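Reader: I should like a close look at one part of this structure, with its strand pairing and backbone set out in one connected account. Please give the cut-off behind each term that you use.

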Amino acid sequence: MAPGEGPAAYAAPVQNGEVRVPVDEGVELRGILHVPQGAAGVVVLARGHGSSRRGARDLTVARLLQAEGLATLAVDLLTAAEEEAWRERDLRFNVGLFAGRLASVARWLRRAPRTSGLRVGYLGSYTGAGAALAAAALRPESVDAVVCRGGRLAMSSTVLSRVRAPTLLIVGGDDTAALEPHRRAFAALKAEKRMEIIPGATHRFEEPGAQAQMVEFAGLWFLQHLSAPRWETQPESHALGV
């Protein structure tokens, strides 16, 4: 199944718009929620610092996932004030902060009227990739599938071993700084897992065809695991793609 070739019912998302997600007392995160009719699940797009909800690359990925019948929430894990102050407060790489907020976003999605019946997936990139895995370890009951596309995966094997949701790691074959950390993270994961290496791609997947291939891998993973019974009942499957 190629991105953009899903059923016609998914072509025009409905119930879309800006949302504010409460995550801590007095803290709300900004996001853009799209819920196609008959959505198979909802995917949270997060990349840590920087605007996930307004970034052109993130919005393109969101549209491709929507075309496959998945709801999307592109969310900023920092508030506007925190984005302005990140240089002084070094918030860019605060994986613990992002993980807690991502888990709170998933909890909100499970309670919100438009998404309460949908299983939840995380799609993390950059610092958001590590945050997605940390959130899955912190609150395993809140997420049903995880995809990390590149990003910072330097975390302890103890944390990774607590991830229970099916997890897909996607990394560029020419992203030399990320390949070995991804292999180590893959080895430490105990849940159902797969790793896809996209030949010739670097960390932004900007090369011709790389982003479409990345989204196809992610979309298939989410459709498989967000439409299926929860992962507690799934047999383990370990694979390494190239």
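Author: Tyr126 lies in the loop that separates strand β5 from helix α4 (127-138); helices (H or I, at least four residues) and strands (E, at least two) are DSSP runs, numbered from the N terminus. The model is a predicted one, in which local features need pLDDT of at least 70 and side-chain atom pairs count only at pLDDT 80 or more, while totals for chains, interfaces and linings use all residues. Residues are numbered from 1 along each chain as its sequence is written, and side-chain values use heavy atoms, with hydrogens and water left out.

The backbone of Tyr126 has a phi near 55 degrees, which is a positive value in a residue other than glycine. With a relative accessible area of 22%, Tyr126 is partly exposed; buried means under 20%, exposed over 50%, and partly exposed in between, with a 1.4 Å probe and protein chains only.

The strand before this loop, β5 (residues 120-125), pairs with β3 in the parallel sense over five bridges; two strands pair if DSSP finds at least two bridges between them. Within that pairing, Leu45 stands opposite Leu123 of β5. Strand β3 is also joined to β4 (residues 71-75), by four bridges and again in parallel. There, Val44 has Leu73 of β4 as its bridge partner.

Strand β3 itself (residues 42-46) is largely enclosed by the rest of the structure, because five of its five residues are buried. Val42, Val44 and Ala46 point one way from β3, whereas Val43 and Leu45 point the other way, and all are buried. For the chain as a whole, 53% of the 242 residues count as buried, and the fold comprises seven helices and nine strands.

A second positive phi may be set beside that of Tyr126. Phe205, a residue other than glycine, has a phi near 55 degrees. Phe205 is found in the loop between β8 (193-198) and α7 (210-226). Its relative accessibility is 2%, so Phe205 counts as buried.

On longer-range packing, 70% of the contacts (heavy atoms within 4.5 Å) between residues at least 6 apart in sequence join residues at least 24 apart.
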